[in-house]
Amino acid sequence: MENVSGVVQLLSLLLSSLGLIYLAFWGFRELRMDEFRQNVFRLRDELFDFAADGNIAFDHPAYKMLRSMMNGYIRFSHRGSLLHFVGLTLSTYFTNRSYFVSRSFDMELKEATASLDDETKAKLEEFREKTSLQLFQYLFLSSYTKMTIALLIVIGLLIVTLLLRGKAVIIALKKLIKTHVDFDAWAYRYSKQHSAKLRESIETFNAGAYAYGKV
Amino acid sequence: MSKPAKPLSKEQLRQELAENKAELKFIRQSRNIHAIVSLGGNLFRYTALVAVFYYIYLCVAALAGKTTLANIGINVLANVKISEVVAWLFGGSGVIFGLNQRRLRRKTIEHVQTRNIMLEQRLDPNRTSSQLTPRGETNPRDN
């Protein structure tokens, strides 16, 4: 009887594990993807409203480029993952560099916006940065596993820096908390500032999304 | 009447061809990497599922020939704890709630987006699309 009781408890545990596996590998993954799509849809709608207000023509190359890029991200977000990001970055770096050296998305967009005034240029650049931030968040920060790893790394670095430059770190932290900075946006800006590889990788993904969006 | 586009020079055409080839190469690379990554991901996910089902089989095999379903049923009923029942009900109804919320969200997307597309096309007849389904799901041909 005790044996039966133990086995029944184990069966109960295994059935719960099935539920957790579904949630972890299918449920939450789909939810993060839908959230990313919704955020990019929101940016696309803002871009549309910006054009509808007369700031830029709907058939202007810069508008079409940004919209195609956003469409590409929305359409193929189900393929986006950190592994895919790393794999594609390495693959492009070693086997397809010529495309990005000769005619990057960045260069094409700059050419397209050359005829626009500074305010409009700045606004379009803002849309592009916000879309890249969404991508960064989706790839690096959206899953709980990655967030936990990121938090552990940050805490580790913080302890090391505190031991070396205690007072300066405390002042910087206080400033950060006071300004209620958005952690994701701060992490994105900080990473982009200090990593040329990340800048190039995001550029690669932007170009890829634009290529997919045109299809 | 719009002016006809200036014909491109040989050099420009060659450059455009090279760029298009590089772009196609990028798309192919992306597709290949996606295939490898999703193979690895699916292997990991389904291995976890198979492992759980295997242990369920072992549990059932351990009881086979030694006890009956009736005995198991009596054992479950005799040892039922209110806290466990409530926990199961909570978990189960949470999942059902989530699935229904998702279904409602997709219905809402279908309703709102159809209208949105129609209104946007009035302003921009050449409006481009993300090619998702009307319910906001991945297009089956993009899988």
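The expected span of a helix is 1.5 Å times one less than its number of residues. That little rule comes up in two of the close-ups below, all of them taken from a predicted model.

**View 1. Helix 3 of chain A, end to end.** This helix covers residues 82–95 of chain A. How far should its 14 residues span at 1.5 Å a residue? The expected figure is 20 Å, and the end C-alpha atoms are indeed 20 Å apart, so the two agree. Now look at which side chains are tucked away: A:His84, A:Phe85, A:Leu88, A:Thr89, A:Ser91 and A:Thr92 are buried in this helix. As background for reading that list, an α-helix has 3.6 residues a turn, so residues three or four places apart point the same way.

**View 2. Helix 9 of chain A, and the chain it belongs to.** Here we move along to residues 196–214 of chain A. With 19 residues at 1.5 Å each, helix 9 should span 27 Å, and its end C-alpha atoms sit 27 Å apart, so expectation and model agree again. Is this helix enclosed or open? Of its 19 residues, 14 are buried, so helix 9 is largely enclosed by the rest of the structure. Stepping back to the whole of chain A, you'll find nine helices and zero strands. Written out along the sequence, the chain A pattern reads α-α-α-α-α-α-α-α-α. Of the 215 residues in chain A, 44% are buried. Among contacts in chain A with a separation of 6 or more, 76% come from residues 24 or more positions apart.

**View 3. Where chain B meets chain A.** Chain B brings 50 residues to this contact and chain A brings 54. Together the two chains bury about 4900 Å², with 62% of that on carbon and sulfur atoms. The interface also holds six salt bridges, along with 12 residue pairs in polar contact. On the chain B side, the elements giving two or more residues are helix 1 (10–63), helix 2 (69–78) and helix 3. Which of them gives the most? That would be helix 1 of chain B, with 23 residues. Sorted by class, the side of chain B that touches chain A has 21 nonpolar, 15 polar and 14 charged residues.

**View 4. A salt bridge between A:Glu30 and B:Arg102.** Over all chains, the count of salt bridges comes to 15. In this one, the side chains of A:Glu30 and B:Arg102 meet at 2.6 Å, N to O. The pair crosses between chains, running from helix 1 (residues 2–52) of chain A to helix 3 of chain B. A:Glu30 counts as partly exposed because its relative accessibility is 27%. B:Arg102 is partly exposed too, with a relative accessible area of 25%. Both belong to a wider network of salt bridges, which links A:Glu30, A:Asp34, B:Arg102, B:Arg105, B:Arg106, B:Glu110, B:Arg135 and B:Glu137.

**View 5. A buried salt bridge between B:Asp142 and A:Arg75.** The closest N and O atoms of this pair are 2.8 Å apart. Here, too, the pair crosses between chains: B:Asp142 is in the segment after helix 3 of chain B, and A:Arg75 is in helix 2 (residues 61–75) of chain A. Are these two residues buried or exposed? Both B:Asp142 and A:Arg75 are buried.

**View 6. A salt bridge within chain B, with B:Gln113 alongside in the view.** The side chains of B:Arg135 and B:Glu110 meet in a salt bridge of 3.7 Å, N to O. This pair links distant parts of the chain, 25 residues apart: B:Arg135 in the segment after helix 3 of chain B, and B:Glu110 in helix 3 itself. At 28% relative accessibility, B:Arg135 counts as partly exposed. B:Glu110, with a relative accessible area of 31%, is partly exposed as well. Now find B:Gln113, which lies in helix 3 (residues 82–123) of chain B. How far apart are B:Gln113 and B:Arg135 in space? They are 22 residues apart in sequence and 8.4 Å apart, C-alpha to C-alpha. Setting aside neighbours within four places in sequence, B:Gln113 is in contact with A:Arg44 and B:Arg127.

Key:
Residues numbered from 1 in each chain as written. Chains lettered and ligands numbered in written order. Predicted model: local features only at pLDDT ≥ 70, side-chain atom pairs only at ≥ 80, totals over all residues. Heavy atoms only, no water. Helix = DSSP H or I, 4+ residues; strand = E, 2+ residues; numbered from the N terminus. Contact = heavy atoms within 4.5 Å. Buried < 20%, exposed > 50% of the residue type's maximum accessible area, 1.4 Å probe, protein only. Salt bridge = Lys/Arg side-chain N within 4 Å of Asp/Glu carboxyl O. Buried area = accessible area lost by both parts, 1.4 Å probe. Polar contact = N/O pair within 3.5 Å; in protein donor to acceptor, adjacent residues only side chain to side chain. Nonpolar A, V, L, I, M, F, W, Y, C, P; charged D, E, K, R; others polar.
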